[in-house]
Amino acid sequence: MDVILKYLPLIIFIYPILSWLDSRKRFTHSAKFYADRAVSVKKYEEESKRADITDYEKSAFAQAMVATEKLGFKEVNILKLKSPNNFFSMVNKIKKIRHKIEVKNLGQEDVFVSIDRSKALKFKPIIYFLLYVSSVPIFILNSLLTLLFKYFGWNLFLVDANTYIFSQFATLIVGILVAIIAAMKFINHEILTSLIKEGMIMAKDEFESIDDVRDNLQDHSSKLG
């Protein structure tokens, strides 16, 4: 205790310095990160304006800018158009739900369209909730089977204590994984529905309805012409 009291003033003096150095390090790291990001944005803008650039090259520069292979130049251009002020935060959201959406052409522009219709989107949370709840019986499945076998006197096979403990651990891991997967799917679904409400993404039935109206107008115009 005496040793602690002896060095306590020194610790109190050094801690703010260490804290300040850490904050400076974090600031320098963040500044470099955003500077590199600005360079990648500028590079993409410059390269995408080249007359001879291919779609393959555009996607390569777009992926370098957003640091993921999940998005290409079409997705990047949609986000630039619809969400220029919070572009990179929107990139992170789209990355999480990329498997739930498609890029479709509507008239002269590309748009994000969900792979599910509005009705299906409403029922998805129920499915994810049931999947999450199913993790509970998985946790105790081994114990339930043991009790069931004892109750009916089914001595089909015998296991030692180590095997039983291992099987308990295995069912616990499986249950946890099911719960995590269900939770992640629910969170991603919430992101998808929120972006649909914001107009960033179109539900499949909404897109089909607008596309049908556009096609009918074009047919009507061509007949009049």
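What percentage of the 225 residues of the protein count as buried? The figure is 24%. The model shown here is predicted. The legends below take it view by view.

**View 1. The whole chain holds 9 helices and 3 strands.** From the N terminus on, the elements run α-α-α-α-β-β-α-α-α-α-β-α. Contacts between residues at least 6 apart in sequence often reach further along the chain: 63% of them join residues at least 24 apart.

**View 2. Three strands make an open sheet.** The 3 strands stand in the order β1-β2-β3, and their pairing is mixed. The edge strands are β1 (101–106) and β3 (201–202), each of which pairs on one side only. Helix α3 (residues 73–82) packs on this sheet. Helix α3 touches β1 and β2, and its direction makes about 95° with that of β2.

**View 3. β1 and β2 form a hairpin.** The two strands pair in the antiparallel sense, over 6 bridges. One bridge can be picked out by residue: Lys104 has Val111 in β2 as its partner. Between the strands lie 2 residues. Gly107, in the turn, has a positive phi of about 70°.

**View 4. β2 and β3 run parallel.** Strand β2 covers residues 109–114, and 2 bridges join it to β3. Look for Phe112, which stands opposite Ile201 in β3.

**View 5. Helix α2 has a buried face.** Helix α2 covers residues 55–66 and has 12 residues. At 1.5 Å a residue, α2 should span 16 Å. Its end C-alpha atoms are 16 Å apart, which agrees. Which residues of α2 are buried? They are Ser59, Ala62, Met65 and Val66. Seen down the axis of α2, the buried residues fall within an arc of 120°, so they line one face of the helix. An α-helix has 3.6 residues a turn, so residues three or four places apart point the same way. On the other side of α2, Tyr56 and Ala64 are exposed.

**View 6. Ala67 follows α2 with a positive phi.** Ala67 lies in the loop between α2 and α3. Its phi is about 60°, although Ala67 is not a glycine. Most residues other than glycine have a negative phi. Is Ala67 buried or exposed? Ala67 has a relative accessible area of 63%, so it is exposed; the cut-off for exposed is over 50%.

**View 7. Helix α8 runs from residue 161 to residue 198.** It has 38 residues. At 1.5 Å a residue, they should span 56 Å. The end C-alpha atoms of α8 are 56 Å apart, which agrees. Several residues of α8 are buried, among them Thr171, Gly175, Val178, Ala179 and Ala182. Further along the helix, the buried residues include Asn188, His189, Ile191 and Leu192. Thr193, Leu195 and Ile196 are buried too. Just after α8 comes Gly199, which takes a positive phi of about 85°.

**View 8. Ser135 meets helix α8.** Ser135 sits in helix α6 (residues 135–139). Its relative accessibility is 2%, so Ser135 counts as buried; buried means under 20%. Which residues does Ser135 contact, leaving aside its neighbours within four places in sequence? They are Gly175, Val178 and Ala179. Each of these three is listed among the buried residues of α8. Ser135 and Gly175 are 40 residues apart in sequence, yet their C-alpha atoms are 4.5 Å apart in space. Closer to home in the chain, the side chain of Ser135 reaches the backbone oxygen of Tyr132 at 2.5 Å.

**View 9. Ala182 is another buried residue of α8.** Ala182 lies in helix α8. Its relative accessibility is 1%, so Ala182 counts as buried. Leaving aside neighbours within four places in sequence, Ala182 is in contact with Tyr128, Leu131 and Tyr132. Tyr132 also appears in the previous view, where its backbone oxygen is reached by the side chain of Ser135. Ala182 and Ser134 are 48 residues apart in sequence. In space, C-alpha to C-alpha, Ala182 and Ser134 are 9.6 Å apart.

Key
Residues are numbered from 1 along each chain as its sequence is written. This is a predicted model: local features need pLDDT of at least 70, side-chain atom pairs count only at pLDDT 80 or more; totals for chains, interfaces and linings use all residues. Side-chain values use heavy atoms; hydrogens and water are left out. Helices (H or I, at least four residues) and strands (E, at least two) are DSSP runs, numbered from the N terminus. Buried means under 20% relative accessible area, exposed over 50%, partly exposed in between (1.4 Å probe, protein chains only). Contact means heavy atoms within 4.5 Å. A polar contact is a pair of N or O atoms within 3.5 Å; within protein, one must be able to donate a hydrogen and the other to accept it, and residues adjacent in sequence count only if both atoms are side-chain atoms. The expected span of a helix is 1.5 Å times one less than its number of residues. Two strands pair if DSSP finds at least two bridges between them. Axes are lines fitted to C-alpha atoms, for helices over the stretch in contact, and angles run from 0 to 180 degrees between N-to-C directions. The arc is that of the directions from the helix axis to the C-beta atoms.
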